[in-house]
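Student: Could you take me on a slow, close look at one part of this model? I would like to follow it residue by residue and see how each piece of information fits with the next.

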Amino acid sequence: MLQRITRPDAFRFHNGEKAKLPFTAKEYERRLNRLRRIMTRLDLPAVLLTSMHNVAYYSGFLYCSFGRPYACVVTHDACTTVSANIDAGQPWRRSFGDNVTYTDWQRGNYWRAIQELIGEPGRLGIEADHLTLAMRDQATATLGAPDMCDIGKATMAQRMVKSPEEIRLIKSGAKVADIGGEAIRDAVQIGAREIDIAMAGRNAMETAIAERHPDSEIRDSWVWFQSGINTDGAHNPVTTRKLERGDILSLNTFPMISGYYTALERTLFIGEPSKAERKLWEINVGAHELGISLIRPGASCSAITSEINSYFEDHDVLQYRTFGYGHSFGVLSHYYGREAGLELREDIDTVLEPGMVVSMEPMLTVPEGKPGAGGYREHDILVVGKSSAENITGFPYGPEHNIITAQN
């Protein structure tokens, strides 16, 4: 007679040895200590982190949900990731603290695993900008209807100021982005497809990451390479459009190192641009250089934005600006993370301080049918220091460097 197997709701699967994480144990302890000070101030016995960026920031584990919920539960004496059984022991190996694996033999095991960790806490810190209404209702039903307190903004403010370890990783990523940019520029030729050129940049970056960061997770680096009308949007996807003589091009490289992405973006042309195109390009380069000069400790995001707006207005092109002039960098990707309190926009009054990392990325989009039609964009990353800011992007910009001789 076959023995019936008892299938648990959750268990600890500590398989193998702990992996080398992107940061030291001291760095993760620093982050958790700062979070626990927030918890003390708000009288929170436990915090439930559910976003990819916060789980990765406090534990080192960057999850891939595939429709399943994940979490990092932080109490005043423990940090535990909660992961689906499909990932086996990898979440424990990649977590700074402990890990609990929940099974999917029955619904609700995710919340039962969390209940085992915190019981009925009375008060619970959550990310209100990430926890869905359905998940909130499930938390209420399972955890004894705790008083929920949003800690999303507080954790965002903590992430906005980078540690020396984070800045070292971001600087390395910026160099990898430059490598991708060089590979893309070398691959540009008439008749090549956008996708072919994008793959050249991505492959170069992944090779560089594997060489420079052999212990990191090699995943999620990407390239957006756009040509012609496809340059009109900053996040337009790569297509199979073939490059033509006279095309405006947009180079965008995004290397990902252990959850941290950096970026390089440049305008290029195949062959000499028209007079109208060159004028618009030079105006945008001027805005880029002005913006770089304005990034320094003590400057506010809204004040920087106002000065660049005035510059564009003086050149009668402000109507072609489509979004803000830059944003924070750190645990960030095209599908998770956003430090919305540190963006160069009119409605953000955050004052820059040492340790913040921001981009300068003005863009003009001129619609089809108008002289110089296309999207013009430059993008550098700057690290704010005690008295100035360091530009960590090395790839050159402007007409003097990025007009590519047409080759068939």
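Tutor: Let's start with a residue you can find on the outside: Asp316 is exposed, with a relative accessible area of 56%. Keep in mind throughout that we are looking at a predicted model. Asp316 sits in the loop that runs between α10 (301-314) and β13 (357-360). Its backbone deserves a second look, since Asp316 has a positive phi of about 60 degrees although it is not a glycine. As background, most residues other than glycine have a negative phi.

Now step back along the chain into α10 itself and look for its partner, helix α9 (residues 275-294). The axes of α9 and α10 come within 10 Å and cross at roughly 155 degrees. An angle over 145 degrees counts as roughly antiparallel, so α9 and α10 are roughly antiparallel to each other. Their crossing is right-handed. Which residues meet there? On the α9 side you will find Glu282, Ile283, Asn284, Gly286, Ala287, Leu290, Gly291 and Leu294, and on the α10 side Ile304, Glu307, Ile308, Tyr311 and Phe312. Sorted by class, the residues of this contact are eight nonpolar, three polar and two charged. If you wonder about the spacing of such residues, an α-helix has 3.6 residues a turn, so residues three or four places apart point the same way.

Next, let's turn to helix α6 (residues 152-160) and stay with it for a while. Its buried residues are Gly152, Thr155, Met156, Gln158, Arg159 and Met160. These buried residues pack against α1 (25-41), α2, β6 (123-126), β7 (147-150) and β13. You have already met β13, as the strand at the far end of the loop that holds Asp316.

Of these neighbours, α2 (residues 52-59) is the one to look at in detail. In general, two packed helices are described by the angle between their axes and the distance between the axes. Here the axes of α2 and α6 come within 11 Å and cross at roughly 55 degrees. That angle makes α2 oblique to α6. The crossing is left-handed, whereas the crossing of α9 and α10 is right-handed. His53, Asn54, Tyr57 and Tyr58 of α2 make the contact together with Thr155, Gln158 and Arg159 of α6. By class, the contact of α2 with α6 holds two nonpolar, four polar and one charged residues.

Zoom in on Thr155, a residue of helix α6. Is Thr155 buried or exposed? Thr155 is buried, because its relative accessible area is 1% and under 20% counts as buried. Leaving aside neighbours within four places in sequence, Thr155 is in contact with Leu35, Asn54 and Tyr58. Asn54 and Tyr58 are among the α2 residues in the contact with α6.

Ala157 makes a good comparison, since Ala157 also belongs to helix α6. Ala157 is partly exposed, with a relative accessible area of 37%. Another residue to find beside it is Gly341: the C-alpha atoms of Ala157 and Gly341 are 184 residues apart along the chain, yet are separated by 7.5 Å. For contrast, try Asp43 and Asp178, which are 135 residues apart along the chain and have C-alpha atoms separated by 46 Å. Asp43 lies in the loop between α1 and β2 (46-49), and Asp43 is exposed, with a relative accessible area of 55%.

Let's end with two more loop residues. Ala88 lies in the loop between β4 (79-84) and α3 (90-93). Ala88 has a positive phi of about 55 degrees although it is not a glycine, and Ala88 is partly exposed, with a relative accessible area of 29%. Asp247, in the loop between β8 (222-227) and β9 (248-254), is buried, with a relative accessible area of 7%. What does the side chain of Asp247 make a polar contact with? The partner is the side chain of Arg241, at 2.7 Å. Setting aside neighbours within four places in sequence, the residues in contact with Asp247 are Ser227, Gly228, Arg241, Lys242, Leu268, Phe269 and Ile270.

Notes:
Residues are numbered from 1 along each chain as its sequence is written. This is a predicted model: local features need pLDDT of at least 70, side-chain atom pairs count only at pLDDT 80 or more; totals for chains, interfaces and linings use all residues. Side-chain values use heavy atoms; hydrogens and water are left out. Axes are lines fitted to C-alpha atoms, for helices over the stretch in contact, and angles run from 0 to 180 degrees between N-to-C directions. Helices (H or I, at least four residues) and strands (E, at least two) are DSSP runs, numbered from the N terminus. Angles under 35 degrees count as roughly parallel, over 145 as roughly antiparallel, 65 to 115 as roughly perpendicular and the rest as oblique. A crossing is left-handed if the near helix is turned anticlockwise from the far one by less than a right angle, and right-handed if clockwise. Contact means heavy atoms within 4.5 Å. Ala, Val, Leu, Ile, Met, Phe, Trp, Tyr, Cys and Pro count as nonpolar, Asp, Glu, Lys and Arg as charged, and the others, Gly among them, as polar. Buried means under 20% relative accessible area, exposed over 50%, partly exposed in between (1.4 Å probe, protein chains only). A polar contact is a pair of N or O atoms within 3.5 Å; within protein, one must be able to donate a hydrogen and the other to accept it, and residues adjacent in sequence count only if both atoms are side-chain atoms.
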